Amino acid sequence: MGWPLAVSAGLMEKSPRALFRALWALAAGHLLATLLVLQPFAFLLVLAEWQRSIQLGASLLVIGFGVYRLIERRHPRALARILPTQLALWSFAVAIAHGAALMLVPIYLGLCRAFELDAGHEAAGALMKASLGMAVLVSLVHVAAMISAGGCLAWLVYRYLGLRFVSRSWFNLDLIWAASLILVGVVALAFNLASEH
């Protein structure tokens with residue numbers, strides 16, 4: 001969701017270089033957040049013993065955060081024009097708040113049952129358990145994919161649509177995001193409660 005800030009930086013400075021500086025800052029912040037989340041779990045596989053509590057707590061946390069986002073709809077306006085160093089810090093903070101890499105943690109901890117895993121999840125789990133270096137590599141690949149997709153969107157909007165389009169047709173994805181958090185949390189909670197019986 002950081003790519004609009006890259007567009008804003010490019011449009012404000014009227015320079016594609018500003019857009020790419022912003023993308024690098026976003027990538028740096030997101031990578032740091034991803035590594036911060038994954039590294040402790042690389043050392044604390046003991047947490048797998050608390051699988052059920054973690055799953056229930058995570059489900060409730062996701063539902064709660066989704067409800068909070070539905071209630072608190074304000075978005076900070078100060079984010080339209082910020083320095084690349086501040087953008088990296090913002091990317092780090094938002095990636096942590098949005099749960100960067102948390103979707104990889106259940107696989108990394110082996111919380112997913114073997115019969116529930118498809119080949120992709122099995123491969124990811126095997127790779128991540130191989131070494132700490134592999135966890136770093138997974139983080140780098142994740143950030144490269146995220147910044148490539150966001151960077152393409154940012155470049156296309158900056159290059160071909162510009163500020164007029166953004167100001168006239170901007171829509172708020174927070175409502176969709178909050179609803180999806182609640183839905184995922186409810187589904188996860190239902191599965192966990194159903195597996196208890």
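Reader: How many helices and strands does the secondary structure of the chain come to?
Author: This is a predicted model, where local features need pLDDT of at least 70, side-chain atom pairs count only at pLDDT 80 or more, and totals for chains, interfaces and linings use all residues. Residues are numbered from 1 along each chain as its sequence is written, and side-chain values use heavy atoms, leaving out hydrogens and water. Helices (H or I, at least four residues) and strands (E, at least two) are DSSP runs, numbered from the N terminus. Along the sequence the pattern reads α-α-α-α-α-α-α-α, and the count is eight helices and zero strands.

Reader: Which helix gives the most to the largest nonpolar core?
Author: A nonpolar core is a set of buried Ala, Val, Leu, Ile, Met, Phe, Trp, Tyr and Cys residues joined through side-chain atoms within 4.5 Å; buried means under 20% relative accessible area, exposed over 50%, partly exposed in between (1.4 Å probe, protein chains only). The largest such core has 20 residues. At least two residues each come from α1 (3-13), α2 (16-43), α4 (84-98) and α7 (132-169). With seven residues, the top contributor is α2.

Reader: Which residue does the side chain of Arg21 meet in a salt bridge?
Author: A salt bridge is a side-chain nitrogen of Lys or Arg within 4 Å of a carboxyl oxygen of Asp or Glu. The structure holds one. Arg21 is partly exposed at 40% relative accessible area, and its partner, at 2.9 Å from N to O, is Glu13.
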